[in-house]
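Open your viewer and get ready to click along. At each stop you will select something, look around, and move on.

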Amino acid sequence: MLEKEKAEMIAAGIKLDRYGLISLSGGNVSVRVNPETLLVTPSGMMYEEMVPEDVLVVTMDGKVIEGERRPSVDTVAIRYIFQQMPAVNAVIHTHQPYATGIGLVVDQIDCDVTTLANTAKGPVNVAPYSSAASIDMGYAVVDHIGDQLAVVLKNHGVVTVGKNLKEALYAAVYLEEAAKTLYVAHSYGGDIAKLNEEQIQTAVEVFKEYGQVKQ
């Protein structure tokens, strides 16, 4: 059941590892199947060792209805995010070091590169600390993500969302690329060249036409 969707989630997790957004079995990937059901990656397993049967089918009230593994410890928070954000169909949680590190010293990662505008839709807020494996993590995401597709959880990591898995993945990868770029820029000690609101919104709109059109 849902073999294709499960395989896509595992492939996304492998990409998170490839781009340095997670280490070992960190983070998780989840996808909405329908209003009552989610797919969630298992707890404590490396993505390259997963097979589709390892991905859990979980109801919105937390019952596992397919799969033998234990779901991610963050499932309670993931469920809350999906419940409160009906337009969201995919959630990715990472421990990406650059965005998380910058989030230790700021309350917002400014949108000063076009790729962050393209994929996260603007500056990325930093939410107060919330523990893994608690619904507080879900509260933090919903309360602080705003209209963007990413939020940093202070002292913890990053959560990205999207209308599909690709959108959430792009937000995570390009947030980290933006954080690296800002780190380099700040290391020089000069003034940062800022994008204004009009430039940010133009970059958001341009990305809507990005990619190949299906015939």
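Start by selecting helix α5, residues 135–144. This is a predicted model, so treat the tour as a walk through a prediction. Which elements cover the buried residues of α5? Among them are helix α2 (75–84) and the strands β5 (90–94), β7 (124–127), β8 (150–153) and β9 (157–162). Try giving each of these its own colour.

Now show the side chains of the buried residues themselves: M137, G138, A140 and V141. Why do they sit on the same side of α5? Because they cover an arc of only 160° around the axis, they share that side. Before you leave the helix, click on G146, which follows α5. The phi of G146 is positive, near 65°.

**Next stop: α2 beside α5**

Keep α5 on screen and add α2. Two packed helices are described by the angle between their axes and the distance between the axes. Here the axes of α2 and α5 come within 7 Å of each other, and they cross at roughly 35°. The crossing is right-handed.

To see where the helices meet, select V76, A77, Y80, I81 and Q84 in α2, then I135, M137, G138, Y139, V141 and V142 in α5. Which classes of residue make up this contact? It has 9 nonpolar and 2 polar residues, and no charged ones.

Stay with α2 a little longer. Since 7 of its 10 residues are buried, α2 is largely enclosed by the rest of the structure. Select the buried ones to check: T75, A77, I78, R79, Y80, I81 and F82. The cover over them includes the strands β1 (28–34), β2 (37–40), β3 (56–59), β5 and β9, along with helix α5.

**Next stop: K154**

Move to the loop between β8 and β9 and pick K154. Is K154 buried or exposed? Its relative accessibility is 18%, so K154 counts as buried; the cut-off for buried is under 20%. Follow the side chain of K154 and you will arrive at the backbone oxygen of G103, at 2.6 Å.

What else is in contact with K154, apart from its neighbours within four places in sequence? Besides G103, you can select L104, V105, V106 and D107, and then V126, A127, P128 and Y129.

**Next stop: L169**

Find helix α6, residues 165–187, and click on L169. L169 has a relative accessible area of 10%, so it is buried. Leaving aside neighbours within four places in sequence, its contacts are A12, K15, L16 and I92. If your viewer has a distance tool, try it on the C-alpha atoms of L169 and Q83: they are 20 Å apart in space, while the two residues are 86 apart in sequence.

**Last stop: two positive phi values**

Finish with a pair of backbone details. Select A133, in the loop between β7 and α5. Although A133 is not a glycine, its phi is positive, at about 65°. A133 has a relative accessible area of 43%, so it is partly exposed.

Then jump to L2, in the segment before α1 (3–18). L2 is also a residue other than glycine, and its phi is positive too, near 60°.

Technical notes. Residues are numbered from 1 along each chain as its sequence is written. This is a predicted model: local features need pLDDT of at least 70, side-chain atom pairs count only at pLDDT 80 or more; totals for chains, interfaces and linings use all residues. Side-chain values use heavy atoms; hydrogens and water are left out. Buried means under 20% relative accessible area, exposed over 50%, partly exposed in between (1.4 Å probe, protein chains only). Helices (H or I, at least four residues) and strands (E, at least two) are DSSP runs, numbered from the N terminus. The arc is that of the directions from the helix axis to the C-beta atoms. Contact means heavy atoms within 4.5 Å. Axes are lines fitted to C-alpha atoms, for helices over the stretch in contact, and angles run from 0 to 180 degrees between N-to-C directions. A crossing is left-handed if the near helix is turned anticlockwise from the far one by less than a right angle, and right-handed if clockwise. Ala, Val, Leu, Ile, Met, Phe, Trp, Tyr, Cys and Pro count as nonpolar, Asp, Glu, Lys and Arg as charged, and the others, Gly among them, as polar. A polar contact is a pair of N or O atoms within 3.5 Å; within protein, one must be able to donate a hydrogen and the other to accept it, and residues adjacent in sequence count only if both atoms are side-chain atoms.
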